[in-house]
Structures are given as structure tokens and as C-alpha cells.
Amino acid sequence: NMAWGYGDSHHFVIESSAGGRDEYKHFVRECHRRGIAVIQDVCYNHFDQNVERAEWQYDSTDPEQNIYYWYEGKASDHNFADGGYIDNGSSGWAPRYWEEIVRHVFVSSAAEFIEEFHVDGLRVDLTQALHRDNALHANGWSVARANQFGAKLLREWSRTLKMIKPTVMLIAEDHSEW
């Protein structure tokens with residue numbers, strides 16, 4: 001799969017075509033040995049539904065039972081089944097930020113980059129898609145609750161990482177204040 005690297009489907013996987021986990025650790029060590037900081041790009045506003053290993057419909061294909069994407073109401077509440085999904089103003093639907101386990105996946109993945117791989121910082125892709133641009137797919141109306149929980153994710157994420165490594169660099173693409 002040739003892509004820009006934004007087709008996330010598993011947040012704890014280092015792509016094997018890039019050498020896998022051990023090679024990534026070696027790469028980071030070698031960068032540090034040469035005085036080069038490593039900033040890892042992370043994307044929480046994307047989830048590739050089409051990759052072979054994607055599990056976004058693991059338990060059910062019913063939209064309101066989706067384990068990953070935010071869905072408002074029931075499919076029967078909307079003129080079309082996809083109408084209840086939350087568009088994130090990016091490249092797709094918003095994750096279920098209201099669910100603690102979904103936020104925990106993102107926070108834990110970032111912590112792994114800091115603790116296990118020893119990266120020096122993380123750049124979060126398109127943060128406004130997490131905390132500002134969430135809208136109902138059916139009509140484009142803003143969903144304030146989704147924006148609030150997206151902001152909560154970013155706060156939990158940054159606070160956790162600062163506790164793990166106070167000097168970690170955290171970069172938001174849209175330069176938002178969390």
C-alpha cells in the first residue's frame with residue numbers, strides 16, 4: 001500500500017516496510033548518536049477503512065454499534081445509514097472520543113513512542129479535526145459534544161506525555177491551544 005503514511009489502522013504498529021519495531025528503535029538511536037532529534041508524526045483524525053487489517057466493523061456492521069467511529073443516534077434517525085457519523089473536517093469520520101477506551105488507545109500509543117522508542121517529540125496531524133470541526137454527516141451541523149471530547153483527548157494526551165517525559169516536544173499542526 002503506497003500512501004503518504006496517513007492510512008492508520010493500528011496505532012501500535014511500526015510498518016514492516018519501514019523495517020518494523022527493532023529497525024525503528026535502531027534508527028532513533030542512530031539519530032540521537034549523531035545529535036539529531038526525532039519527531040514522530042501521529043494521526044488521530046484518520047482511520048483507513050479499506051486496509052486489509054482494519055477492524056472498524058469488528059463486532060458489527062451496524063453504524064450505531066461501530067467500535068471506532070462516533071455515531072449519533074440510530075440509523076433509523078437519519079435519511080441514510082451513514083448520516084449519523086460525525087465528519088471531522090478532515091478525511092473521514094471522527095473516532096468515538098467520548099469513549100474512554102478510544103482516547104486510551106491514542107494516549108497509550110503516544111506513550112509507547114516516548115517510552116519504548118525514545119522519540120523526542122510528537123506532531124499531531126490536523127488537531128482542529130479533533131476539537132473544532134466535528135459535524136453530523138447527515139446535515140453538516142456542528143456537534144459541540146464531539147468537539148468537547150476531542151479537546152479532552154488532546155488534554156489527556158498532552159498531560160500524560162508531559163508526566164512521562166517533561167521535555168517532550170508536542171506540536172499541533174494547527175497551532176491550537178489545548
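Me: Which residues of H2 are buried?
Reply: This is a predicted model. In it, the buried residues of H2 are Val102, Arg103, Phe106, Val107, Ser109, Ala110, Ala111, Glu112, Phe113 and Ile114.

Me: What covers the buried residues?
Reply: The cover includes two strands, E1 and E3. It also includes helix H1 (20-33) and helix H4 (144-164).

Me: Where does H2 sit in the sequence, and what does it reach from its first C-alpha to its last?
Reply: H2 covers residues 100-115, which makes 16 residues. It reaches 21 Å, close to the 22 Å expected at 1.5 Å a residue.

Me: Back to H4. At what angle do the axes of H2 and H4 cross?
Reply: Roughly 25°, and the axes come within 10 Å. Angles under 35 degrees count as roughly parallel, so H2 and H4 are roughly parallel to each other.

Me: Which residues make the contact?
Reply: On H2: Arg103, Phe106, Val107, Ala110, Ala111, Ile114 and Glu115. On H4: Phe149, Lys152, Leu153, Glu156, Trp157, Thr160, Leu161 and Ile164.

Me: Is the crossing of H2 and H4 left-handed or right-handed?
Reply: H2 passes H4 in a right-handed crossing.

Me: New topic, the sheet. What is the order of its strands?
Reply: E1-E3-E5, an open sheet of 3 strands with parallel pairing. Strand E1 (39-42) and strand E5 (169-172) are the edges, each pairing on one side only. The twist averages 20° from one strand to the next.

Me: How many bridges join E1 to E3?
Reply: 4, and E3 is residues 121-124.

Me: What stands opposite aspartate 41?
Reply: Arginine 123 in E3.

Technical notes:
Residues are numbered from 1 along each chain as its sequence is written. This is a predicted model: local features need pLDDT of at least 70, side-chain atom pairs count only at pLDDT 80 or more; totals for chains, interfaces and linings use all residues. Side-chain values use heavy atoms; hydrogens and water are left out. Two strands pair if DSSP finds at least two bridges between them. Axes are lines fitted to C-alpha atoms, for helices over the stretch in contact, and angles run from 0 to 180 degrees between N-to-C directions. The expected span of a helix is 1.5 Å times one less than its number of residues. Buried means under 20% relative accessible area, exposed over 50%, partly exposed in between (1.4 Å probe, protein chains only). Contact means heavy atoms within 4.5 Å. Angles under 35 degrees count as roughly parallel, over 145 as roughly antiparallel, 65 to 115 as roughly perpendicular and the rest as oblique. A crossing is left-handed if the near helix is turned anticlockwise from the far one by less than a right angle, and right-handed if clockwise.
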